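Welcome, and please open the model in your viewer. We will take a short walk through it, one selection at a time.

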Amino acid sequence: MLIIETSNYTELSKRAANLVIDEISKKPNLRICFATGKTPFGMYEELIKTYKKKKVDFSKIISFNLDEYLGIKKENKNSYFYYMHENFFNHININKKNINLLDSETKDSKKECLLYERKIKEKPIDLMILGVGVNGHIGFNEPFSSFNSKTRVIELSDETIKRNSKYFRNIQNVPKKAITIGIGTVLNSKKIILLASGKDKSEAIKKLIKTKPDKSCPVTALRKHDNLIVILHKEAGRIIR
Ligand code: F6R
């Protein structure tokens, strides 16, 4: 595990973007899995800036995403489809055919999971970008998810619904279900970059760095991976000293 401590969020975002750009320059058709949320937002901004300076070409990359709500329209501002297009895809030269997003409107969510898992099997992920939840979740893999889990439907915990309700008009509008790539699927990626910013992530990061893999904190599964880079904003990293 390589740990990179940064002194502020801008530096974290730049370091993450530079790592992504390095990987794309080594392999233009990189298969990359993206995360949503507030943590990677700055990384997307940096990637867009670099693209505008013509220093990176996204035309051949193949993208996947970690997760998606179920039962909301794609154009809903809270869908991850919307997040990715609004904050990243609409501003770069990714080939729309190479974007693989989970379908929030699917009528057959089990089939959607199987299809997604098959797509990933056919085009294994080279680079996985992750954020981490306060309770250590990765994607929507909440505590006690199996470390071998694959892409599947998740009933969101009351805690997650409550946390995410700040993004919705009211708590009743928060979807009760989501689809997430499994922890097993995450661990099959060739390289993983985990981003953590903010004091509230420090407990989860401490467990990742200092304790054995434990299902009560899903992010600790990443200790099993031999090509993991953790980029920390110093508040989240303070605990490692
Ligand atoms: C989002 C995702 C989630 C977030 C996590 C942290 O696609 O998979 O696991 O990475 O909830 O979210 P932020 O970055 O908003 O703190």
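A polar contact here is a pair of N or O atoms within 3.5 Å. Keep that cut-off in mind for the first stops, and remember that you are looking at a predicted model.

Start by selecting Lys 38 together with the ligand. A backbone N or O atom of Lys 38 sits 2.8 Å from a ligand oxygen atom, within the 3.5 Å limit for a polar contact. Next, add the side chain of Thr 36, where an N or O atom is 2.8 Å from an oxygen atom of the ligand. Then show the side chain of Lys 201: one of its N or O atoms lies 2.6 Å from a ligand oxygen. How much of the ligand does the protein bury? Taken alone, the ligand exposes 410 Å², and the protein buries 89% of that.

Now widen the selection to the 14 residues around the ligand; those that come nearest are Thr 36, Thr 39, Asp 67, His 137 and Lys 201. Colour this shell by class and you will find 4 nonpolar, 7 polar and 3 charged residues. If you display pockets, the ligand takes up the space of the largest one.

Finally, switch to a cartoon view and pick out the open sheet of 7 strands, which pair in parallel in the order β1-β10-β9-β6-β2-β3-β5. β1 (2–6) and β5 (99–100) stand at the edges with a single partner strand each, so one side of each lacks a neighbour in the sheet. For a last close-up, select β6 (residues 127–130) and β9 (residues 191–196), a parallel pair joined over 4 bridges. Leu 127 has Lys 191 as its bridge partner in β9.

Note on methods: Residues numbered from 1 in each chain as written. Predicted model: local features only at pLDDT ≥ 70, side-chain atom pairs only at ≥ 80, totals over all residues. Heavy atoms only, no water. Near = heavy atom within 4 Å. Polar contact = N/O pair within 3.5 Å; in protein donor to acceptor, adjacent residues only side chain to side chain. Areas by Shrake-Rupley, 256 points an atom, 1.4 Å probe, with all protein chains shown as cover. 1 Å grid on protein atoms, 1.4 Å probe; cavity = no way out; pocket = protein on both sides within 12 Å on 5 of 7 lines; lining within 4 Å. Sits in = over half its atoms within 2 Å of the grid points. Nonpolar A, V, L, I, M, F, W, Y, C, P; charged D, E, K, R; others polar. Pairing = 2+ DSSP bridges. Helix = DSSP H or I, 4+ residues; strand = E, 2+ residues; numbered from the N terminus.
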